[in-house]
Amino acid sequence: MTTETTGADDLTALAELTAREASAYLTTVTEVASGSSPDTAIPILTLALSQVLVAGARLGAIQDVVPEERY
């Protein structure tokens with residue numbers, strides 16, 4: 001397996017993880033908005049937001065890619 005393939009696989013895995021995190025956040029917000037459990041709304045939203053922030057931190061940790069054609 002080449003480095004390019006490994007890098008593409010890593011990016012694919014990161015994209016899938018980020019998509020799952022975003023979907024979970026939207027599901028949580030939808031459930032809280034339904035008003036089914038108002039006593040736990042703030043803690044649940046805080047946890048969901050924290051998970052999205054972790055996903056964002058993962059995205060921010062990606063090394064910049066500079067095309068070889070640039071030089």
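**Reading the labels of a two-helix model**

Q: In which helix does Leu59 lie?
A: Leu59 lies in helix H2, which covers residues 41-60; helices are DSSP runs of H or I with at least four residues, strands are runs of E with at least two, and both are numbered from the N terminus. This is a predicted model, in which local features need pLDDT of at least 70 and side-chain atom pairs count only at pLDDT 80 or more, while totals for chains, interfaces and linings use all residues. Residues are numbered from 1 along each chain as its sequence is written, and side-chain values use heavy atoms, with hydrogens and water left out.

Q: What makes Leu59 partly exposed?
A: Buried means under 20% relative accessible area, exposed means over 50%, and partly exposed lies in between, with a 1.4 Å probe and protein chains only. The relative accessible area of Leu59 is 42%, so Leu59 is partly exposed.

Q: Why is Leu47 called exposed?
A: Leu47, found in helix H2, has a relative accessible area of 55% and therefore counts as exposed. Its C-alpha atom is separated by 9.6 Å from that of Thr28, although the two residues are 19 residues apart along the chain.

Q: Why does Leu53 count as exposed?
A: The relative accessibility of Leu53 is 56%, so this residue counts as exposed. Leu53 also lies in helix H2, and its C-alpha atom is 9.7 Å from that of Glu21, a residue 32 places away along the chain.

Q: What makes Val29 partly exposed?
A: Val29, whose place is in helix H1, has a relative accessible area of 31% and is therefore partly exposed. The C-alpha atoms of Val29 and Leu45, which are 16 residues apart along the chain, are separated by 6.9 Å.

Q: How far from Glu21 is the nearest side chain of opposite charge?
A: That side chain is Arg58, 4.7 Å away, and Glu21 is buried yet has no salt bridge. A salt bridge needs a side-chain nitrogen of Lys or Arg within 4 Å of a carboxyl oxygen of Asp or Glu; Lys and Arg count as positive and Asp and Glu as negative, with His and the chain ends not counted. Glu21 is found in helix H1 (residues 3-33). Leaving aside neighbours within four places in sequence, Glu21 is in contact (heavy atoms within 4.5 Å) with Gln51, Val52, Ala55 and Arg58.

Q: How many of the helices and strands does the protein chain have, and what share of its residues counts as buried?
A: The protein chain has 2 helices and 0 strands, and 10% of its 71 residues count as buried.
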